[in-house]
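Colleague: I should like to learn how to read the interfaces and the local features of a model such as this one. May we go through them in turn?

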Protein chains: 2
Amino acid sequence: MAKNTTDLWGVHPVAEALRAGRRKFFTLCLAPEKVGGRREEIYALANQAGIVVENCSPQQLTSKVGHNRHQGVWAAVGAYPFSRLDEIIAAGKQAPFILVLDQIVDPHNFGAIVRTAQCAGLHGIVIPKDRSAPPSAAASKASAGALEHAHVACVPNLSNTIKQLKASGLWIAGADRQGQADLFGSDLSGPLALVIGGEEKGLRPLVKKHCDYILAVPQVGPIGSLNASVAAAVLMYEVFRQRVAANQSP
Amino acid sequence: MAKNTTDLWGVHPVAEALRAGRRKFFTLCLAPEKVGGRREEIYALANQAGIVVENCSPQQLTSKVGHNRHQGVWAAVGAYPFSRLDEIIAAGKQAPFILVLDQIVDPHNFGAIVRTAQCAGLHGIVIPKDRSAPPSAAASKASAGALEHAHVACVPNLSNTIKQLKASGLWIAGADRQGQADLFGSDLSGPLALVIGGEEKGLRPLVKKHCDYILAVPQVGPIGSLNASVAAAVLMYEVFRQRVAANQSP
């Protein structure tokens with residue numbers, strides 16, 4: 001594939017990329033009998049955008065994609081449309097609500113977190129350039145296409161980013177199993193960046209040091225270990241709840 | 001395998017089944033080089049319980065289990081130890097908090113929901129006999145072993161169960177995308193059963209009819225569809241938050 005071209009597969013990623021209108025489509029192939037409920041919508045969106053739909057067999061798609069999880073839809077598209085950090089901060093106006101992911105490396109966790117972040121009204125997501133799952137086709141699939149609408153900034157250095165967020169007036173709340181601050185007793189209704197650590201190791205010490213406080217999701221019982229994307233969802237929705245209660249837009 | 005014998009595989013399911021002490025172990029096989037961090041704990045727990053550990057090769061385990069997701073641990077164990085509904089209600093004392101799953105059929109969603117339910121302090125989970133993912137090895141794996149500690153009741157008819165829960169003084173809160181009640185504005189701190197519908201179709205009409213009210217997790221943005229297990233987590237943790245605030249044990 002040419003430089004700055006990548007692939008996208010699955011019904012929701014392709015349909016949402018068409019709806020969002022942010023990516024250039026070079027090729028769009030459908031195996032119509034496999035696509036299911038959103039087929040007519042994909043034809044209509046492509047038609048509106050002047051994109052030619054090529055019909056293929058499911059086998060042809062499988063050989064293009066390299067596996068059979070394509071759900072009858074594959075496209076060659078432009079690279080993921082990253083946002084700039086300052087754009088994300090500006091989108092939040094008086095009270096930005098931004099997610100910072102410190103080394104979430106599993107594309108399924110990354111996609112699941114992006115999906116929840118879009119539903120909970122976050123203004124954007126920051127990922128580090130290295131040691132992070134990229135906004136790949138697999139991540140877009142795991143996000144049910146939410147990644148195609150999300151505003152994601154990719155930065156060289158999270159510590160510098162956190163300093164920049166602080167300088168813009170945001171509070172920095174880290175999230176970690178060992179966190180001391182009570183999630184449900186903390187005021188999270190103002191300008192906020194929520195920093196979430198990787199699946200295994202949590203927040204890196206240097207990132208932790210730059211946080212204003214470290215929250216933990218309370219857990220009881222003999223297991224006491226929430227899945228990373230579930231913990232992220234509980235954190236984001238507690239902020240959502242407090243923002244609504246404080247009459248911020250969520 | 002003999003009647004009332006089933007298999008269990010994966011490090012956390014087997015380690016947690018040993019810790020919980022509720023299942024009889026007929027055979028326990030380890031491929032030690034594959035097991036990782038909890039290996040010594042598994043040997044020690046098995047030793048305490050008088051269970052002989054057989055060493056196998058990873059290939060032997062793969063042929064026993066039928067796939068290679070066993071993480072070097074496999075056991076033949078007694079059937080899943082279901083609880084009775086009245087036991088679950090009694091465990092909640094003055095304010096039971098019970099989850100009712102209406103046709104959650106995906107074992108990964110079922111396992112993920114059980115894992116969160118254990119962390120959020122629920123007293124038990126009710127599933128229907130038909131059209132539900134059973135507490136299988138795959139579900140136990142998806143729950144990170146939480147299923148081995150959970151109290152799960154399997155009932156012939158959910159409508160009758162809901163009537164019984166009402167008669168025991170519980171409020172019945174359904175959860176559905178079309179719900180009218182504001183999750184964050186509803187008092188959920190008392191005796192409560194949370195009824196969650198299946199991945200695609202939500203709550204069945206007859207089940208819905210028996211609910212006192214129907215909650216929805218608020219969602220914004222162009223996608224507006226949370227993953228089933230994420231929505232369940234947000235619901236359970238809002239109840240957790242309110243119970244702690246009302247000085248119930250979570």
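Modeller: We shall take the contact between the chains, then the domains of one chain, then some single residues. This is a predicted model, in which local features need pLDDT of at least 70 and side-chain atom pairs count only at pLDDT 80 or more, while totals for chains, interfaces and linings use all residues. Residues are numbered from 1 along each chain as its sequence is written, chains are lettered from A and ligands numbered from 1 in the order in which they are written, and side-chain values use heavy atoms, with hydrogens and water left out.

Colleague: What area do chain A and chain B bury between them?

Modeller: The size of an interface is often given as the accessible area lost when the parts come together. Buried area is that loss, found with a 1.4 Å probe and summed over both parts. Here chain A and chain B bury about 2,600 Å², and 71% of this lies on carbon and sulfur atoms. α1 (11-20), α6 (107-119) and α10 (228-245) of chain A each supply at least two residues of the side that touches chain B; helices are DSSP runs of H or I with at least four residues, strands are E runs with at least two, and both are numbered from the N terminus. The largest share of that side of chain A, 7 residues, belongs to α10(A).

Colleague: How many residues of each chain are in contact, and how many salt bridges cross the interface of chain A and chain B?

Modeller: Contact means heavy atoms within 4.5 Å, and by that rule 32 residues of chain A meet 32 residues of chain B. A salt bridge requires a side-chain nitrogen of Lys or Arg within 4 Å of a carboxyl oxygen of Asp or Glu; across this interface of chain A and chain B the rule finds 0.

Colleague: Into which domains is chain A divided?

Modeller: Domain bounds come from an automatic or database domain assignment. For chain A the assignment gives domain 1 (5-78) and domain 2 (85-248), with centres, taken over C-alpha atoms, 30 Å apart. Domain 1 of chain A places 14 residues in contact with 12 residues of domain 2 of chain A. Together these two domains of chain A bury about 970 Å², 57% of it on carbon and sulfur atoms. On the domain 1 side, Trp9(A), Pro13(A) and Arg22(A) lose the most area to domain 2 of chain A, together 46% of what that side buries.

Colleague: How many salt bridges are counted between domain 1 and domain 2 of chain A?

Modeller: The count between these domains of chain A is 1 salt bridge. Glu148(A) forms a salt bridge with Arg23(A), the closest N and O atoms being 2.9 Å apart.

Colleague: Let us turn to single residues. Is His70(B) buried or exposed?

Modeller: Buried means under 20% relative accessible area, exposed over 50%, and partly exposed in between, with a 1.4 Å probe and protein chains only. His70(B) has a relative accessible area of 1%, and is therefore buried. His70(B) is found in the loop between α4 (58-65) and β4 (73-78) of chain B. Leaving aside neighbours within four places in sequence, His70(B) is in contact with residues including Trp9(B), Lys34(B) and Leu61(B).

Colleague: Which residues have a positive phi without being glycine?

Modeller: Among them are Gln71(B), with phi near 55 degrees, and Ala144(B), with phi also near 55 degrees. Gln71(B) lies in the loop between α4 and β4 of chain B and, at 31% relative accessibility, counts as partly exposed. Ala144(B) lies in the loop between α7 (137-142) and β7 (152-155) of chain B, and is buried, with a relative accessible area of 11%.
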